Amino acid sequence: MSYIILFPLILMNIIIFLFNSSIAANSMYNVQSYGAKSDGKSDSSKAFISAWTAACASNSAATIYVPKGSYLLSNAYFYGQTCKSNAITINIEGTLIAPSDYNVIGKSGNWIKFERVNGVSIVGGTLDGQGTGLWTCKNSGKGCPKGATTLAFYNSNDIAISGLTSQDSQMFHILLDGCHNAKLQGVKISAPGNSPNTDGIHLQSSSDVTILNSQIGTGDDCISIGPGNSNLWFENIACGPGHGISIGSLGWEMQEAGVQNVTVKTSSFTGTENGVRVKTWARPSNGFVRNVLFQHVVMNNVENPIIIDQNYCPSNGNCPEQGSGIKVSDITYEDVHGTSATEVAVKFVCSKTNPCNGIKLLDVKLSYKDHPAEASCVNAGGMASGLQQPTSCLKV
């Protein structure tokens, strides 16, 4: 009889022990406990940094919690060199707001920066860069600061970003530079189509980066891939407005790391300036682009659905006009269909000194005004099959 009485007590003690252990194993740090104000007017930067410092010192997994409300932040930089915890989650239910005066952060390079962190996850929330004033300044031709990237990670590993919204960044919305093993999913990025240099996600010198199920509309590239990136996987990306998904620009430097192993699949482009693009400067360089797959892509009224431009020069002034040293090879376009806003939907302008090779067009069906669109190739070699276009311009 005594065993029957004791069993529920023992079970309850076990449950309490496990519950307390789970709390201890994942400590919670509420930014409001460190002085953050959700009024959108009081600068809460120091409170956020204090919460980070506490979470960073934890010997186990930690969560920084941002309750509902609006939090004004000036520059907020988070460093991980001395962190004991390698699993810090930042759970954002509110909105982080940049200063309305663009000069406050406009010369700093970054608004919110993480450097040398490991195992950081950002879940939910909205980042409002309030970039409108700076865009107006830039479009007027006045002397303006360059602007700040909204969210930047430098030299960091095992990064996860999910359910985050970034709007109206002064410059890039999200930057990964020198990072390894990052996963972004369910991200929503928005800025007007005429907002300058507001790339959605820019990657530099990073590897093993996955971007899934995201909506990106900006005034520049939805995703831009700089030098030194490898093993990238983008799937179910809705891009527009913007300049498309771009590899480059590359080849400005003579000594430059290449780009390889890139997959873009099951994605759509709507009203963009470009669809899938490779762009390199026409000057000597030892860089390369290789092993790239664009698969199951839908174009909706896109100006340049498929383009390789190795004479890239956006200002059309003081252009190098040399042969691009970037070697472009093994690029596959498979099951790309939809509508082009221009008559020539496939444009390959490859280097006169390093022609493209291994270009494959497989089941590419693009139309212009209810007729098959055209293709144009310069210094490009490869093969094509299943094209809607009457002929392939590739040199076989």
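Here are some notes on this predicted model, taking confidence, the sheet, the pocket and the cavity in turn.

1. Confidence first. Averaged over the chain, pLDDT is 92, and 91% of the residues get to 70 or more. Residues 1-6 fall below 50, and this stretch makes 0 contacts in the model beyond near neighbours in sequence. Residues 15-24 also stay under 50, with 1 contact beyond four places in sequence. I'd keep both stretches out of any discussion of detail.

2. Now the sheet. It is open and built from 11 strands with parallel pairing. Reading across, the order is β5-β8-β11-β14-β17-β19-β21-β23-β25-β27-β30. The edges are β5 (76-79) and β30 (374-378), each of which pairs on one side only. From one strand to the next, the twist averages 15 degrees.

3. A helix on that sheet: α2, residues 45-56, packs against it and touches both β5 and β8 (110-115). The directions of α2 and β5 make an angle of about 10 degrees.

4. For a look at one strand pair, take β14 (residues 174-177) and β17 (residues 201-204). These two run parallel and are joined by 4 bridges. Asp 177 has Gln 204 of β17 as its bridge partner.

5. Where does the largest pocket get its lining? Strands β11 (149-154), β17, β21 (245-250), β23 (274-280) and β25 (304-309) each give at least two residues to it. The pocket holds about 830 Å³ of space, and 39 residues line it. Nearest its centre are Phe 172, Asp 199, His 202, Ser 249 and Lys 279. By class, the lining has 17 polar, 12 nonpolar and 10 charged residues.

6. Then there is enclosed space. Rolling a probe the size of a water molecule over the atoms shows where empty space is left. Here the count is 1 cavity of 30 Å³ or more, and the largest cavity has a volume of about 150 Å³. Its lining is made up of 16 residues, with Phe 78, Ile 90, Ile 92, Leu 96 and Phe 114 closest to the centre.

7. What is the lining of the largest cavity like by class: nonpolar, polar or charged? It has 16 nonpolar residues, no polar ones and no charged ones. The elements giving two or more residues to this lining are α2, β3 (61-66), β6 (88-92) and β8. Two of those names came up in point 3: α2 packs on the sheet and touches β8.

How values were computed: Residues are numbered from 1 along each chain as its sequence is written. This is a predicted model: local features need pLDDT of at least 70, side-chain atom pairs count only at pLDDT 80 or more; totals for chains, interfaces and linings use all residues. Side-chain values use heavy atoms; hydrogens and water are left out. Two strands pair if DSSP finds at least two bridges between them. Axes are lines fitted to C-alpha atoms, for helices over the stretch in contact, and angles run from 0 to 180 degrees between N-to-C directions. Contact means heavy atoms within 4.5 Å. pLDDT is the predictor's confidence in each residue, from 0 to 100. On a 1 Å grid over the protein atoms alone, a cavity is a set of points where a 1.4 Å probe fits but cannot get out, and a pocket is an open set with protein on both sides within 12 Å along at least five of seven lines; lining residues have an atom within 4 Å of a point. Grid points are joined across faces, edges and corners, and a volume is the space filled by probe spheres set on the points. Ala, Val, Leu, Ile, Met, Phe, Trp, Tyr, Cys and Pro count as nonpolar, Asp, Glu, Lys and Arg as charged, and the others, Gly among them, as polar.
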